[in-house]
Structures are given as structure tokens and as C-alpha cells.
Amino acid sequence: MTPRHLPPAPAGHRNARRAALPAAALLLLATAGCAADSGGADAGSSGGGGTLVIGATGTLPNTDTVIGGAGFEGKRLVSFQLYEGLTRYDLSVTDGPAEITGALATDWEVADDDTTWTFTLREGVTFHDGTAFDADAVIFNLDRYLNEDSPHYTDALGAAAAEYAGGIADYRKLDDGRVEIVTEEPNGHFPEDLAHVLIASPTAIEETGTEDFAEHPVGTGPFAFVSQDPGQRVELVANADYWRGAPRLDRLVVRAIPDAAARTAALRSGDVNWIEYPHPDDIESLAAEGATIVTNAYDHLWYWILDTSREPWQDPRVRRAANYAIDREAIAEQLLRGTADPAHQAAPRATFAYDEANDVYGYDPDRARRLLAEAGYEDGFSTSVTVPTGGSGNLLPVPITEAIQRDLAAVGIEVEIRTTDWSTLIGAEAEGEVALGSDAIAQSTTLFQSEALLPLFIGSDSPFWTGHYANERVDELLASAAASTDPDRRRADYREALALVTEDAPWLFVVNDRNPRALSPEVEGLVQPQSWFIDLTTVHVG
């Protein structure tokens with residue numbers, strides 16, 4: 001997209017709302033406004049905060065802004081530490097979902113057409129290389145993502161940015177401290193989308209070129225790049241000039257340790273002092289040894305996506321039968337040791353879309369057998385599922401799938417398990433394919449942490465592989481919610497949409513994670529939000 005020269009900014013802009021929405025709104029900000037900018041974090045001064053070494057569950061992301069490729073874990077631990085967007089999640093709250101607040105923009109407002117947005121930029125911010133952040137930097141980055149005539153544009157960047165910036169029609173600089181962005185249609189979650197449209201140093205990109213920028217990434221985030229072993233290890237240093245206040249840590253190191261037992265061993269040996277998703281069997285002993293175990297509910301669902309375009313999963317009775325066959329309580333309490341909650345419906349428990357009345361899929365193998373018989377499968381059938389061996393939010397993917405395999409076998413459904421790595425699975429899924437050609441995919445997802453992605457998961461026109469699920473009413477509700485300026489209406493639309501998905505059962509609903517992590521006793525200052533993301537500026541070691 002090449003930006004057009006737009007006329008002067010239209011009159012009649014509505015003032016941005018300053019009052020934060022109730023926590024239950026879960027990021028559903030009205031198109032007419034924004035949450036109040038929370039300003040600086042009480043992060044103290046840099047120096048003496050030690051080195052935090054985190055053991056991640058999967059391969060680390062490409063460090064070039066939006067390319068990522070390692071799910072929300074990679075974004076949480078690396079991308080959001082190096083870079084920021086115009087907005088960010090306020091991760092200082094533990095008793096409700098994280099709201100959107102200002103980052104590189106302090107305020108925003110939308111015109112009466114509900115598509116023309118004006119962002120006031122934060123003054124005095126510099127990139128890690130000393131380059132000043134201003135409107136030119138915003139336009140440079142939008143060109144890099146959206147303008148095929150930009151010398152820094154690539155198809156990979158364009159495809160990655162399309163998830164959050166694909167609905168941008170035009171943009172321009174108003175002055176050094178303001179930019180105007182026009183969306184193709186009203187978008188109530190546009191401020192949230194921009195938290196994921198990360199801004200990099202134009203100077204650094206011009207010096208290295210896009211091809212080599214990932215080797216020397218430069219943003220405005222709380223930590224600056226030092227070195228990396230791509231995909232395996234990233235070392236960062238505290239940004240002493242960070243606009244919210246320097247992080248308390250001196251350094252941050254993130255290591256890829258996909259094997260849960262290896263993560264636990266690394267924590268015990270002192271090779272790391274923080275691990276993402278400790279093996280549930282290790283939590284009790286780690287706590288007894290002095291480790292801090294933290295959890296909190298958040299927008300998470302571990303599930304199977306079923307291929308609804310062909311038998312046997314084409315029949316909703318078969319899909320419902322499989323859901324009734326699963327003993328979720330046993331998986332949550334015994335296999336996962338209480339680090340997850342059973343998921344009896346599509347909407348995760350820690351979201352406003354959750355309604356206990358929709359918890360329809362309890363453990364009822366007799367009902368499962370009756371439904372299979374009604375559908376003509378009284379003798380059962382064979383199927384297959386592709387499962388990642390680890391990765392962002394995937395818990396214990398193979399053991400969970402083996403438990404489901406046993407439950408399904410008890411009602412006559414024989415499942416072949418096919419394993420692959422997380423990057424391969426989501427890479428194929430993004431291309432509309434199933435790695436290893438199975439009838440289903442096992443994985444985790446968020447539904448409302450990033451509203452822009454919701455149509456990709458349950459909309460009928462998704463470029464992703466969604467099991468070919470389609471429901472016209474769900475599409476209508478998604479469109480209505482996305483364009484609405486009324487948060488109550490948005491919540492109602494999403495709640496109805498997820499109730500329909502629950503009824504249609506295009507997925508096997510399994511568990512909602514509680515986001516456990518284990519920290520060495522010397523790690524302090526963590527605020528565990530109800531979010532996939534986390535603020536590391538408050539953390540210190542020693």
C-alpha cells in the first residue's frame with residue numbers, strides 16, 4: 001500500500017476517553033477513546049538489579065520487530081522487551097485483564113467517521129541507538145510494513161504486520177508530534193492492535209538494511225540488544241533511558257529450553273533463575289526447595305481444532321461426542337496438578353465472554369457413545385492429530401494428548417498422534433495447512449488478549465487453517481463487535497459468538513491454563529497479571 005496525500009485533518013474529532021473501563025471489559029476499548037496513559041512505572045533506577053535468566057518453553061523469535069514466529073511467549077520475553085508500539089498493555093494489575101494504555105503515543109482520538117485516528121506522540125523518547133522518536137519514525141515503520149515501494153519492505157514483514165495493521169488504509173504525519181492513521185472500516189480494537197505494531201529505529205534499519213536488521217535490532221523498549229544465538233539465546237541490557245524509568249535489572253537473558261525436565265534441572269542447578277511453565281510434577285518439590293511458584297488465570301485455551309470439512313468430524317454429533325468423552329477434571333487436577341482449570345466451553349474462564357451456563361461438556365462417556373451411534377459410528381473410527389512437542393502456552397502437549405487419546409479410545413475413537421515442533425505447526429497453520437496432514441491440530445490459543453486475531457480463529461474467511469469451521473451468525477457477531485463503540489454491546493456479541501462455537505463444537509475444549517512459572521528465591525518484584533504478557537521492569541535479582 002502506498003499512502004496517499006490526505007487533505008488536512010478533518011474537524012469534529014471526539015475527545016479520547018480518559019476513564020479506564022471496568023476490568024471485565026478485557027481490552028474492549030470504545031472506538032471513540034482510549035484508556036488513560038498510566039505514565040511511568042515505579043521501576044527504580046538501573047544498576048544493582050542483577051541478571052535475570054529465563055528458561056523459555058520454545059524457540060525464541062526472530063528479533064526483527066513483528067516477524068516473531070514464536071507465539072506470544074516470544075513476544076512476551078523478547079519482542080516486547082526490545083520494542084514498543086504506540087500503545088501497550090498495562091500489566092500492573094493482577095485482579096483483572098490488562099487494559100490498553102499509552103506507550104509511544106500518549107493520547108488518541110477518532111473522528112466522527114470512526115475511521116480517522118489522530119495519535120499524539122510521546123516527547124523525549126529515544127531509540128537505543130540515540131535516534132529521536134517522532135512522527136517520521138512512525139511513518140518510516142508503517143511504510144516498512146505496508147508500502148511495497150519502500151526499500152525496507154519485504155513480503156515477510158508485510159505478511160506478519162497484516163495481522164494487526166492490515167486494516168490500515170492510509171497514514172500521514174501531521175507534525176513532529178502527531179500522526180493520523182485511517183482504517184478501512186470502523187475498528188473498535190484499533191488501539192489494542194497498535195500495541196503489536198512495533199516501532200524500530202529508522203537509523204538502524206537504514207544502516208543494516210532489513211535483511212540484517214535482526215542481527216542488530218534497535219527499539220525503544222525497556223531492554224536493549226546485546227547478543228544472540230538465533231532462536232536459542234538472547235541477551236539484553238537494561239535501557240537506562242527508558243521513558244517509564246530504567247528497569248531494576250541490569251541484564252536479561254532468555255534461553256530456549258523446550259524440554260520441561262531440562263528447564264527444572266536448569267533452575268535447580270542455577271543455570272537459570274526463572275522458568276516458564278515448570279513441569280506440574282516438579283512444582284511441589286520446587287516449592288519445598290524454596291522456589292517461588294506464581295500463577296494467575298488468563299485468556300488461554302488448550303484445545304484441538306477438528307477438520308469439520310470431512311467425515312467423521314463433519315458431523316457435529318461426532319464432535320460433541322468427542323467433547324463428552326474427555327475427562328477434563330482428571331487432566332487439570334491429576335496430570336497438570338491443578339495448574340489449569342477444565343474447559344467445558346469455548347470461552348476461557350478469565351474472559352468476559354465466559355458464562356457458566358455454557359459449561360455444557362462434562363465427562364459423560366455414555367452420552368458420547370450414544371451420539372456416535374446416532375451419527376452412524378457405533379463401531380467408532382480412526383483419526384489423527386498433529387501435536388507440538390512444546391512452545392508458547394502449550395503446557396504438556398504430548399501427555400495431554402495421550403490422556404485424550406485414552407479417553408477417546410474408551411468410546412471407540414482411535415487416535416494416531418503425530419508430533420512436530422511448534423514453529424513447524426504454526427507455520428503450516430498460517431499457510432492454511434496442517435503439519436503432517438492430520439485430521440486435527442492440538443495447541444493453545446488466546447481469544448481476547450488480541451481481538452484482531454479472533455476472526456482468524458473462528459471466522460469463516462480466515463487464511464489460517466481453522467478446520468474449515470464456518471457459521472454465518474458467528475461472522476455477523478464478530479463484525480458487529482469489531483466495529484462497535486459500545487463495550488457492553490461488544491461483550492454481548494462476543495459472548496453470543498462463543499456460545500455458538502461451543503454448540504457447534506469445531507474444537508475439543510480441554511483446559512484453561514493458570515500460567516505457572518517458577519522463580520529462584522532471589523528473584524523479586526514480579527507482578528503476575530492476567531495476561532500472556534509481563535512487565536519485567538519491576539523485577540530484580542538478589
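Is Phe-80 buried or exposed, and what is its relative accessible area? In this predicted model, Phe-80 turns out to be buried, with a relative accessible area of 16%. The cut-off for calling a residue buried is under 20%, so Phe-80 falls on the buried side with its 16%. Its ring partner, Phe-533, is buried too, at a relative accessible area of 1%.

Aromatic pairs come up 20 times in a search of the whole structure. One of them joins Phe-80 to Phe-533 in a tilted arrangement, with 4.8 Å from centre to centre and 50° between the planes. Phe-80 belongs to helix α1 (residues 71-82), while Phe-533 sits in the loop between β20 (523-524) and β21 (540-541), so this pair ties together parts that are 453 residues apart in sequence. The two rings also have company: ring pairs link Phe-80 and Phe-533 with Phe-72, Tyr-89, Tyr-298 and Trp-532 into a cluster.

Now for another pair. Phe-119 and Phe-190 meet edge-to-face, with their centres 6.2 Å apart and 65° between the planes. Here strand β5 (residues 116-121) supplies Phe-119 and helix α4 (residues 190-193) supplies Phe-190, so the pair ties together parts that are 71 residues apart in sequence. Both Phe-119 and Phe-190 are buried.

Rings can also take up a charged neighbour, as with Trp-243: Arg-122 lies over the face of this ring, at 3.8 Å from the ring centre.

Definitions and conventions:
Residues are numbered from 1 along each chain as its sequence is written. This is a predicted model: local features need pLDDT of at least 70, side-chain atom pairs count only at pLDDT 80 or more; totals for chains, interfaces and linings use all residues. Side-chain values use heavy atoms; hydrogens and water are left out. Rings of Phe, Tyr and Trp (its six-membered ring) pair if their centres lie within 6.5 Å; planes under 30 degrees apart count as stacked, over 60 as edge-to-face and the rest as tilted. Helices (H or I, at least four residues) and strands (E, at least two) are DSSP runs, numbered from the N terminus. Buried means under 20% relative accessible area, exposed over 50%, partly exposed in between (1.4 Å probe, protein chains only). A charge sits over a ring if NZ of Lys or CZ of Arg is within 6 Å of the ring centre and within 35 degrees of the ring normal.
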